[in-house]
Amino acid sequence: MSNSSAGRETWATRIGFILAAVGSAVGLGNIWRFPFQVGQNGGAAFVIMYLAFVVLIGFPAMMVEFVVGRKTGLNAVGGIREFAGGRWKYLGGLFVFIGFVILSYYSVVGGWVLRYVLGSATGRYMAQGPGEYFGQISVGMDALLAHAVFMLLVIGIVALGVKRGIEIAVKIMVPAIIAIFAVLAVYAFTLSGAGEAYSYYLSPDLGYLLDNWQSIVPAAAGQGFFTLSLGMGVMITYASYLSEDENLAIDGGTVVVFNTGISILTGLIVFPILFTAGVDPAAPGPGAIFVSVAEALGDLQFGRLIGVLFFTTVAIAALSSAISLIEVVVSYAIDEFGIARERATVFIGTAIFLLGAPVTIDIVMVDLYDIFAAQILLVLGGILLVTAVAWIYADKAIDELGKGVKSFSGLDKVWLWIVRIPVLVVLLVSLYLGID
Ligand code: PHE
Ligand code: NA
């Protein structure tokens with residue numbers, strides 16, 4: 001968003017906002033994080049819990065952020081301060097901190113993706129073997145350089161302004177992802193391990209769920225918040241550019257549906273490939289998507305070309321999410337301190353690069369940063385935001401939700417009570433279990 005002197009801009013079109021919100025949501029959370037969370041948490045048992053979280057907790061929580069953003073027309077920090085006032089301003093500080101932490105390792109993983117664009121073009125990982133290549137590029141100097149390149153791309157796009165950068169990229173990306181992923185899912189369907197994979201991925205073992213709910217619940221909460229870009233004000237910032245004649249619930253529902261569809265589709269690619277190759281789905285960890293897709297491309301006709309298309313699309317998805325992460329911090333610096341967009345972006349982007357540098361030392365660092373950010377920070381951010389909006393300033397929230405809607409016939413009150421009790425309780429339990 002360029003800073004015209006006439007004030008803050010709004011999205012060029014309604015579809016522009018939806019696309020940007022989808023662009024933020026759809027990213028490495030769907031394509032990289034989702035499959036390895038499924039793998040580490042027992043397959044379909046996790047998937048079921050995750051779906052429940054997205055619909056029953058994530059969607060209502062997204063409305064909470066939309067309401068604050070549109071009502072105040074401000075960035076995450078200014079927005080929460082204006083909406084709730086007083087001490088809640090520190091919550092905005094937490095959002096900015098979370099944005100820093102998440103983007104710092106998100107960019108490292110984004111760098112891996114860039115290496116896979118290259119590796120597909122040259123055919124190197126096919127020659128070398130999927131596991132070896134991943135081991136080589138995911139740590140050390142290689143990873144550090146790729147992390148730098150990814151951050152440079154983010155800085156470039158954001159310094160140019162939100163609308164031009166994000167809206168255009170996302171308009172191309174969403175259809176591209178669906179098309180390319182659908183082709184790969186059909187390919188995966190033809191593999192010998194597909195049947196076994198589908199039952200692992202789609203038919204939940206309730207006994208497993210009951211025995212392991214204490215680890216599945218916080219993992220599903222973390223994934224639900226991470227994947228929907230919730231708990232750190234991204235959706236506040238994006239909704240701040242919205243006008244009042246839009247129905248927030250429909251926009252939010254659209255985001256949830258696209259985002260969930262792409263995650264499920266990703267699993268339909270990854271698991272048949274892993275099962276066919278005889279790999280335990282828990283084993284590859286954060287490398288699951290890279291190792292499995294590389295495995296598949298090795299025996300596909302035009303594998304290299306498909307690889308370039310696939311990883312380029314993933315890179316664009318990752319960039320559009322990264323942009324939303326840095327935008328929380330950048331729009332804060334612009335609105336609160338009057339720093340110019342270009343300067344703010346370069347400075348903040350550099351700081352984030354440095355914070356992410358240690359992640360390239362060892363792959364365990366990815367897990368460390370990631371669990372801390374998703375299972376603890378985002379869930380904590382969500383708890384505080386929901387408390388402020390739904391308990392303390394409920395009247396304002398209900399009023400804002402109703403704008404652009406002909407009649408809710410009581411559904412707005414249902415939303416309020418869902419957010420007040422079940423959402424809050426489940427998030428508190430998840431945080432408690434997640435810290436444990
Ligand atoms: N939702 C993004 C993804 O799934 C990641 C993200 C998290 C973006 C939090 C913004 C805020 O990749
Ligand atoms: Na996502």
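In the predicted model, helix 8 (residues 140–160) packs against helix 15, the two axes coming within 10 Å and crossing at roughly 65°. This crossing of helix 8 and helix 15 is right-handed. On the side of helix 8, the residues involved are Leu153, Val154, Ile157 and Val158. They meet Leu319, Ala322, Ile323, Ile326, Glu327 and Val330 of helix 15. By class, nine of the residues in this contact are nonpolar, none is polar and one is charged.

A second helix pair is formed by helix 3 (residues 44–72) and helix 19 (residues 411–435), whose axes lie 10 Å apart at an angle of about 120°. Angles that are neither under 35 degrees, nor over 145, nor from 65 to 115 count as oblique, and helix 3 and helix 19 are therefore oblique to each other. The crossing of helix 3 and helix 19 is left-handed. Helix 3 contributes Ile57, Pro60, Ala61, Met63 and Val64 to the contact, and helix 19 contributes Trp415, Ile418, Val419, Val423, Val426 and Leu427. The contact of helix 3 with helix 19 comprises 11 nonpolar residues, with no polar and no charged ones.

Helix 15 (303–337) also takes part in the surroundings of ligand 1, as one of the helices that each supply at least two residues of the shell. The others are helix 1 (14–25), helix 2 (28–40) and helix 11 (206–227). In total, 15 residues surround ligand 1, and the closest are Gly27, Gly29, Thr227, Ser229 and Ser321. The shell around ligand 1 is made up of seven nonpolar and eight polar residues, and no charged residue is present in it.

Confidence in the model was assessed for the protein chain and its elements. The mean pLDDT of the protein chain is 91, and 95% of its residues reach 70 or more. Among the elements of the chain, the highest mean pLDDT, 98, belongs to helix 10 (residues 194–202), and the lowest, 80, to helix 9 (residues 162–189). The pLDDT falls below 50 over residues 1–6. Beyond near neighbours in sequence, this stretch has 11 contacts in the model. The scores for the model are an ipTM of 0.98 and a pTM of 0.94.

Note on methods:
Residues numbered from 1 in each chain as written. Chains lettered and ligands numbered in written order. Predicted model: local features only at pLDDT ≥ 70, side-chain atom pairs only at ≥ 80, totals over all residues. Near = placed C-beta within 6 Å. Helix = DSSP H or I, 4+ residues; strand = E, 2+ residues; numbered from the N terminus. Nonpolar A, V, L, I, M, F, W, Y, C, P; charged D, E, K, R; others polar. Axes fitted to C-alpha atoms, helices over the stretch in contact; angles between N-to-C directions. Left-handed = near helix turned anticlockwise from the far one by under 90°. Contact = placed C-beta atoms within 7 Å. pLDDT = per-residue confidence, 0-100.
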